[in-house]
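Here's a quick briefing to read alongside the model. Have the sequence and the 3D view open, and hop between the topics as you like.

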Amino acid sequence: MQNNKLGTMPMGKLLFNMSGPIILSMVIQALYNIVDSMFVARYSEVALNAVSLCYPIQMIMVSLSVGGAISVQTLLARFLGSKEFDKANSVATHGLLMALFHASLFILFGIFCSKQFLLLFSNDMEIIREGISYMQICTIFGFGIFVQIVYERFMQATGNAIYNMIIQGAGALLNIILDPIFIFGLYGLPEMGIKGAAIATVLGQLLSTALGVYITRHKVKEIHTDFKHFHFDALLVREMYKIAIPSMLMNSIMSIMTVFMNMILSGFSALSVSVYSIYFKLQQFLYMAVSGMSNAVIAIISYNYGARNKERIKSCIRISLISTIMIMISGTVIFQLFPVQLLSLFNASDEMLSIGIPALKTISLSFVFGGVNVQGCAILQSLDSSKESLVVTLLRQFIIILPLAFALSKMFGLNYVWFTFPVSELVALILCIRFLKEVDEDFIENLN
């Protein structure tokens with residue numbers, strides 16, 4: 001079977017063979033997010049502010065979809081590793097239904113809660129109107145992102161990373177192409193502004209979903225989704241949510257943290273919120289590379305956990321952590337040396353540069369710590385230590401950062417708020433290392 005390489009290919013080659021296409025597709029996605037913001041910024045400052053306020057909800061949508069899909073990927077890889085193919089197929093079918101259920105929650109949110117959410121951050125009714133239009137399109141018609149990510153995890157769990165790249169990359173590229181056409185009304189189409197950006201987003205997601213369906217049916221022999229003979233398995237759903245809920249919380253925490261961080265920053269100026277949004281999209285290039293590798297790590301470790309191969313698990317952990325550190329060191333150097341050039345991508349004014357340069361330089365000091373934490377959490381998740389992974393994530397993205405940011409904003413001002421990022425990541429890293437050592441000593445070493 002094609003996924004046997006998860007248990008046989010040399011680890012260094014396997015990790016980069018699987019993570020390379022995933023990283024490329026996620027970098028394309030990050031590029032889309034930046035290009036999208038650049039086009040919106042060129043359309044109007046109001047549009048940029050509206051999109052920035054909506055962004056946390058989009059992040060939460062992705063977080064829940066990724067969290068649910070991680071449970072699918074983990075159990076798929078585990079059952080394929082132990083040759084329990086009927087269970088693997090049942091996981092795939094239940095995973096798709098889980099995705100549609102989660103999508104329905106955001107449809108309701110988009111219809112009933114968009115205005116109330118946006119009013120938390122702004123009283124400018126022009127921004128509110130634009131934001132409602134954007135958010136409702138992305139939530140009501142955004143079910144594609146939930147289903148798309150499940151199909152991506154099918155590819156990762158079966159070792160078909162190249163198909164994962166095709167699924168995600170095609171949708172992102174369609175977004176990039178359609179954005180200027182719909183926003184500015186090119187080629188005879190009407191000018192749609194911020195609505196055009198939202199429509200381009202959901203069309204890209206639907207394309208990715210369609211490709212996922214086609215590829216799974218015609219190219220992936222390990223998985224068969226059968227809704228005709230479907231039988232609901234409450235115990236399996238319970239097991240999936242046992243993995244999914246910590247993952248959802250871990251992925252959603254950053255989104256929730258962003259909501260509260262925006263509240264803190266809005267006390268200084270709307271421009272401070274925009275600078276933070278720009279930083280967040282820039283750093284995605286680095287963290288998506290690490291996340292792409294962690295997706296491969298979850299599949300590799302889960303498969304070899306099912307096969308009880310501790311040497312391959314330890315090799316994967318070592319190589320992935322070293323690679324993560326190298327990626328994040330490179331990112332730190334770029335942010336330290338070229339903050340002006342990075343901010344200039346968004347037509348930064350002098351005022352934005354005065355806020356953004358210290359922000360980028362200070363926050364980038366957290367990159368190495370944060371990268372190791374992300375990779376460490378993926379390792380813990382793969383080895384039935386989701387609770388420990390959740391603790392690390394809560395510590396780095398909620399428990400420390402928000403109270404510290406609020407305190408520093410009141411005592412010392414805006415520039416000191418950015419120091420909360422390296423401080424929280426360093427404290428979380430100390431605990432993450434402890435958890436990884438415990439898992440190694442108490443769990444990995446006892447595999448037979």
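What follows runs through helix packing, salt bridges and a couple of single residues. Keep in mind that this is a predicted model. Two packed helices are described by the angle between their axes and the distance between the axes, and the packing notes stick to that scheme.

**Helix 15 against helix 16**

- Start with helix 15 (residues 367–382) and helix 16 (residues 386–399), whose axes come within 7 Å and cross at roughly 160°.
- That angle makes helix 15 roughly antiparallel to helix 16, as anything over 145 degrees counts that way.
- The handedness of this crossing is left-handed.
- On the helix 15 side, the contact uses Gly370, Asn373, Val374, Cys377, Leu380 and Gln381.
- Helix 16 answers with Ser386, Glu388, Ser389, Val392, Thr393 and Arg396.
- Sorted by class, the residues of this contact come out as 4 nonpolar, 6 polar and 2 charged.

**Helix 12 against helix 15**

- Helix 15 also packs with helix 12, at an angle of about 150° and with the axes 8 Å apart.
- Helix 12 and helix 15 are therefore roughly antiparallel to each other.
- Helix 12 crosses helix 15 in a right-handed sense.
- From helix 12, the contact takes in Ile317, Ser320, Leu321, Thr324, Ile325, Met328, Ile329, Gly331, Thr332 and Phe335.
- Helix 15 brings Phe367, Val368, Gly371, Val372, Gln375 and Ile379 to that contact.
- The class tally for helix 12 with helix 15 is 10 nonpolar, 6 polar and no charged residues.

**Helix 4 against helix 7**

- Over at helix 4 (residues 85–112) and helix 7 (residues 143–157), the axes come within 8 Å and cross at roughly 155°.
- Helix 4 and helix 7 are therefore roughly antiparallel, and their crossing is right-handed.
- The helix 4 residues in this contact are Ala92, Gly95, Leu96, Ala99, Leu100, His102, Ala103 and Phe106.
- They meet Phe143, Phe146, Val147, Val150, Tyr151 and Phe154 of helix 7.
- By class, that gives 12 nonpolar, 2 polar and no charged residues for helix 4 with helix 7.

**Salt bridges**

- The structure has 4 salt bridges, and here are some of them.
- Lys314 pairs with Asp440, with the closest N and O atoms 3.8 Å apart.
- This pair ties together distant parts of the chain: Lys314 sits in helix 12 (residues 310–337) and Asp440 in helix 19 (residues 420–442), 126 residues apart.
- Lys314 is partly exposed at a relative accessible area of 27%, and Asp440 is partly exposed at 25%.
- Helix 19 also hosts a salt bridge between Glu438 and Arg434, where the closest N and O atoms are 3.2 Å apart.
- Glu438 and Arg434 are 4 residues apart in helix 19, about one turn of the helix.
- Glu438 counts as partly exposed at 31% relative accessibility, whereas Arg434 is exposed, with a relative accessible area of 52%.
- The side chains of Glu84 and Lys87 form a salt bridge too, at 3.1 Å, N to O.
- Glu84 is partly exposed at 30% relative accessibility, and Lys87 is partly exposed with a relative accessible area of 44%.

**Ala197, tucked into helix 9**

- Ala197 belongs to helix 9 (residues 194–218).
- With a relative accessible area of 0%, Ala197 is buried, because the cut-off for buried is under 20%.
- Leaving aside residues up to four places away in sequence, Ala197 touches Tyr32, Asp36, Val40, Tyr134, Asp179 and Ile183.
- The C-alpha atoms of Ala197 and Asn175 are 8.2 Å apart, with their positions 22 residues apart along the chain.

**Tyr187 and its positive phi**

- Most residues other than glycine have a negative phi.
- Tyr187 goes the other way, with a positive phi near 55° in a residue other than glycine.
- Where does Tyr187 lie? Look in the loop between helix 8 (161–184) and helix 9.
- Is Tyr187 buried or exposed? At 73% relative accessibility, Tyr187 counts as exposed.

Conventions
Residues numbered from 1 in each chain as written. Predicted model: local features only at pLDDT ≥ 70, side-chain atom pairs only at ≥ 80, totals over all residues. Heavy atoms only, no water. Buried < 20%, exposed > 50% of the residue type's maximum accessible area, 1.4 Å probe, protein only. Helix = DSSP H or I, 4+ residues; strand = E, 2+ residues; numbered from the N terminus. Axes fitted to C-alpha atoms, helices over the stretch in contact; angles between N-to-C directions. Parallel < 35°, antiparallel > 145°, perpendicular 65-115°, else oblique. Left-handed = near helix turned anticlockwise from the far one by under 90°. Contact = heavy atoms within 4.5 Å. Nonpolar A, V, L, I, M, F, W, Y, C, P; charged D, E, K, R; others polar.
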